[in-house]
Amino acid sequence: MELPLNFLPAHKLNKMLQERQVSATDIVSALLSAIDKVEAKMNAYLRVEKEGMLKSAADFDSGFNSGQDNILSGFSGIPVAIKDNICTKGITTTCASRILSNYIPVYDATVIRRLKNAGYILTGKANMDEFAMGSSNENSYFGPVKNPWDLERVPGGSSGGPAATVAAGTAICSLGSDTGGSIRQPASLCGVVGLKPTYGLVSRYGLIAFASSLDQIGPFSRDVEDSASLLNIICGWDEQDSTSISSVKNGSLDYTKYLVDDMKGLKIGVPKELMAAEVDDEVRAAVNRALKLAEDAGAFIGEISLPSLEYALSVYYIIAPSEASSNLSRFDGVRYGYRNRDAATLRGMYKKSRAQGFGPEVKRRIMIGTYSLSAGYYDAYYEKAQRVRTLINNDFNRAFKKYDVLISPTSPSTAFKIGEKADDPLKMYMSDICTIPVNLSGLPAISIPAGLSSQRLPIGLQIIADTLREDNIFRVAYTLEKAIGFNSHPINLYE
Amino acid sequence: MSFISKDDVRHVAKLAELEFDDSEMEKMTSQLDRILGHVAKISQVDTSNVEPTSHMLNISNVYREDLKKQSLSSKEALSNAPEERDGGFLVPKID
């Protein structure tokens, strides 16, 4: 069956544009018609830039026809959705929060500036868990996103919208952010590719901060090739982010050269702590099938133990809320965002604006963080967590002395039912046990589809590499993608 | 064992500039207690000879040349202000 335009990857669309088989307007029209059909069922967009899309596409087509446009740039004329915590100049950026529901940035995030230079088309701003805090997208002030494979289930979070749009054919690619798994876990639950780059490889300038030592922007795509092309565009040093890695210059790297279907001699480690009892049998079986394919392709597979991962979830739920409580202190009703207008005094206004502007999960994390950083508890919680974080780093360092990549499930389960974990924060936090350790150590990792469960829900596989070894990630992901041959789409959504 | 009391939660809420009604306070206390009870397991780990990690990059201070650069106009900086007057952010009386 020939797939419609809105289900093709960017590299195929780019080729068709070059060969004049389609116009950008054709692609945008296909997307808009898909959005008309399925967006109301999913709630994946907080805002669709319909007029902007049509105008950008028309500009691209007339520029291309008169020979002006540099179409060789892989993202000219390609529609991309942007998570609503990434600032877009002149376009509302809400973080899916009431407190920023009227916020219109006066500048573009660095990733947006780079995508604009590459000629992308903005489809709209994608729904998410409020301030990127959550694993199910149920924490959005503007309502939950539904999983396109089963509308009664969650798409994962916090980048539920960016994942669902790519899966459902209402965007070709998207950008999300990942603090503890917020790209990889929804990619896994929606059956798409999601990459969290090395900490510092992509500028965080213009990403509304959640936990600054963990946050990283990364791409969602239909395949590994698009993931590499998008990373080419967004990566590299940025003067406006003092934590961006200065040795990598934007435009100097081409990750697509690592897309080789070959992993002979490559050493793959399987951390036994990430294949433990919490992982569903079907998920474990899918990962084991993929490992067998890797072995058949000439890779060496070995089991490894990373004992300190047992503490990763605890370390994360001290460090991330601590950083969040500091970052979110800027939302006080003074300079931007929601203000309660009944309070007669300044502190009363702070309290009421924040109490009404933030949702329950955000407040919970601000409270945990404020507590961990407060006098008398700092040493026992925050500082202790930073020390255990070092032990987790040491475990990964030891692993990468022996192995080129580590492979695990991305999420211990497939998509769960909406409401299933909503009343139990700890149970929800467990959804990220396989992804959280990677952020604590700043490592790059990708989630690729590994198959469908018996209930026809996607299963994701995570590939982790050492710092700045995205080359190994792309090589393994590309080879496994070919070997697994995942080629399913949630087409029932259109019936 | 209880890790956090309702009085602690009230104190932390004050530090965080948040407020909760009675039923929210009840729920917050029991949820924080469970979460802190879970994360407290790191106290078992021996970290006596381990340095803390604040972030993963091997960098300290980052400097640039002290040159004047273009920045936002005050009109742009104030464009999202809930209330403004005379080129400044207007707030209620400071208590």
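A residue is called buried here if 20 or more other C-beta atoms lie within 10 Å of its own. I start with that cut-off because strand β3 of chain A is mostly covered, with six of its six residues buried. What you have in front of you is a predicted model.

Let me stay with β3(A) and put it in its sheet. The sheet is open, has eleven strands and mixed pairing, and belongs to chain A. Its order reads β1-β3-β2-β4-β6-β5-β10-β11-β9-β7-β8. The edges are β1, residues 45-48, and β8, residues 300-304; each has a single partner strand, so one side of each is left without a neighbour in the sheet. From one strand to the next the twist averages 30 degrees.

Which strands does β3(A) pair with, and in what direction? On one side, β2(A), residues 79-83, runs parallel to β3(A), residues 121-126, and five bridges join them. Within that pairing, A:Val80 is opposite A:Leu122 of β3(A), and A:Lys83 is opposite A:Ala126. With β1(A) the pairing is antiparallel and has three bridges. There, A:Tyr45 is opposite A:Ala126. A:Ala126 therefore faces A:Lys83 by the bridges to β2(A) and A:Tyr45 by the bridges to β1(A). As a general point, side chains in a regular strand alternate between the two faces of the sheet.

Further along the sheet, helix α15 of chain A, residues 470-484, packs on it. This helix touches β9 (405-409), β10 (445-452) and β11 (458-465) of chain A, and its direction makes about 10 degrees with that of β10(A).

Next, some backbone details in the loops around β1(A) and β3(A). A:Asn43 sits in the loop between α2, residues 24-42, and β1 of chain A. Its phi is near 60 degrees, which is positive in a residue other than glycine. A:Asn43 has 20 C-beta neighbours inside 10 Å, so this residue counts as buried. The loop between β3 and α5 of chain A holds another such case, A:Phe131. Phi of A:Phe131 is near 55 degrees, again a positive value in a non-glycine residue. A:Phe131 is buried too, because 29 C-beta neighbours lie inside 10 Å. The loop between β3 and α5 (160-168) also contains A:Ser158. The peptide bond joining A:Gly157 and A:Ser158 is cis, with omega about 5 degrees.

Now the helices, and in particular α9(A). In general, two packed helices are described by the angle between their axes and the distance between the axes. For α9(A) and α12(A), the angle is about 130 degrees and the axes are 9 Å apart. The two helices are therefore oblique to each other, and their crossing is left-handed. On the α9(A) side the contact uses A:Ala312, A:Val315, A:Ile318, A:Ile319 and A:Ser322. On the α12(A) side the contributors are A:Tyr381, A:Tyr382, A:Ala385, A:Val388, A:Arg389 and A:Ile392. Sorted by class, that contact has nine nonpolar residues, one polar and one charged.

What does α9(A) meet in the other chain? A:Ser314, A:Tyr317 and A:Ile318 meet B:Ile35, B:His38 and B:Val39 of α2(B). A:Ile318 thus appears in this contact and also in the one with α12(A). For α9(A) and α2(B), the packing angle is about 125 degrees and the axes are 8 Å apart. That makes this pair oblique. The contact has four nonpolar and two polar residues, and no charged ones.

That brings us to the interface as a whole. In total, 54 residues of chain A are in contact with 41 residues of chain B. On the chain A side, α9 (312-327), α10 (346-357), α11 (360-373), α12 (379-402) and α13 (425-429) each supply at least two residues. Which of them gives the most? The answer is α12(A), with eleven residues. By class, this side of chain A has 27 nonpolar, 15 polar and twelve charged residues.

One residue from chain B to finish. B:Ser43 lies in the loop between α2 (22-39) and α3 (74-77) of chain B. Across the interface, B:Ser43 touches A:Ala380 and A:Lys384. Is B:Ser43 buried or exposed? With 12 other C-beta atoms within 10 Å, B:Ser43 is exposed. Its C-alpha atom is separated by 48 Å from that of B:Lys69, 26 residues apart along the chain.

Methods. Residues are numbered from 1 along each chain as its sequence is written. Chains are lettered from A and ligands numbered from 1 in the order in which they are written. This is a predicted model: local features need pLDDT of at least 70, side-chain atom pairs count only at pLDDT 80 or more; totals for chains, interfaces and linings use all residues. Two residues are in contact if their C-beta atoms, placed from the backbone, lie within 7 Å. Helices (H or I, at least four residues) and strands (E, at least two) are DSSP runs, numbered from the N terminus. Ala, Val, Leu, Ile, Met, Phe, Trp, Tyr, Cys and Pro count as nonpolar, Asp, Glu, Lys and Arg as charged, and the others, Gly among them, as polar. Two strands pair if DSSP finds at least two bridges between them. Axes are lines fitted to C-alpha atoms, for helices over the stretch in contact, and angles run from 0 to 180 degrees between N-to-C directions. Angles under 35 degrees count as roughly parallel, over 145 as roughly antiparallel, 65 to 115 as roughly perpendicular and the rest as oblique. A crossing is left-handed if the near helix is turned anticlockwise from the far one by less than a right angle, and right-handed if clockwise. Lists of a residue's contacts leave out its neighbours within four places in sequence.
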